[in-house]
Amino acid sequence: MKISDILRHKTATSPKGVVTIAPSDTVTQLVAALAEHNVGALIAVDGDRVVGIVSERDVVRRIAEQGPDVLDDAVDTIMTASVVSCSSEDSVDSIAETMTQRRIRHMPVIDGSELVGVVSIGDVVSSRIRQLETDRGQLEQYISG
């Protein structure tokens, strides 16, 4: 199974696309966008170029460290600039391993230089569960068959 399969499933169940934010936007704007789109992270883009990723955790940690004035700061002050990404042709198993080893909860999917989606660890787990259910059904059919 490939990351493209996860993206196809996500689009079929919730075709809202990738939500992005400019690194110059404020953390307040970030929080509003996270709430509006009911997502846990946004991809920071400068034009068409991915320049970072920022999550709810980033916001909470920075507020705990520096106080509520962080809400007036630019997103680029709290985002992770060294983004780990994958392509739609990568295997779900390899990305699951990377996400687990590196403790990554959200990963942008970039084909060539185009941002085509975001996968979360939840997406990866759901994909594996669907595959296991399919395999189980096929085995039950074979055994009873």
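## The largest nonpolar core

In this predicted model, the largest nonpolar core holds 15 residues. Look for Ile21, Leu30, Leu42, Val54 and Ile78, since these are the members that touch the most others in the core. Three elements each supply two or more residues: helix H2 (27-37), strand E2 (41-46) and strand E3 (49-55). Helix H2 makes the largest contribution, with four residues.

Leucine 30 is a good place to start exploring. Leaving aside residues up to four places away in sequence, Leu30 touches Ile21, Leu42, Val54, Val59, Val75 and Ile78.

## A second core

Apart from the largest core lies another one, made of 13 residues. Its members include Ile3, Ile95, Met99 and Val119. As a general pattern, nonpolar side chains in soluble globular proteins tend to be buried together.

## Two residues of helix H5

Now follow helix H5, which covers residues 121-144. Is serine 127, in this helix, buried or exposed? Serine 127 counts as buried because its relative accessibility is 0%, and the cut-off for buried is under 20%. Not counting residues up to four places away in sequence, the contacts of serine 127 are Met1, Ile6 and Val92.

Tyrosine 142 also lies in helix H5. With a relative accessible area of 70%, tyrosine 142 is exposed, because exposed means over 50%.

## A nonpolar patch on the surface

Tyr142 also has a part in a nonpolar surface patch, together with Leu139 and Ile143. This patch has an area of about 430 Å².

Technical notes: Residues are numbered from 1 along each chain as its sequence is written. This is a predicted model: local features need pLDDT of at least 70, side-chain atom pairs count only at pLDDT 80 or more; totals for chains, interfaces and linings use all residues. Side-chain values use heavy atoms; hydrogens and water are left out. A nonpolar core is a set of buried Ala, Val, Leu, Ile, Met, Phe, Trp, Tyr and Cys residues joined through side-chain atoms within 4.5 Å. Buried means under 20% relative accessible area, exposed over 50%, partly exposed in between (1.4 Å probe, protein chains only). Contact means heavy atoms within 4.5 Å. Patches are made of residues with over 30% relative accessible area and no salt bridge: like charges are joined within 9 Å, nonpolar side chains (Val, Leu, Ile, Met, Phe, Trp, Tyr) within 5 Å. Accessible areas come from the Shrake-Rupley method with a 1.4 Å probe; for residues, only the protein chains shown count as cover. A salt bridge is a side-chain nitrogen of Lys or Arg within 4 Å of a carboxyl oxygen of Asp or Glu.
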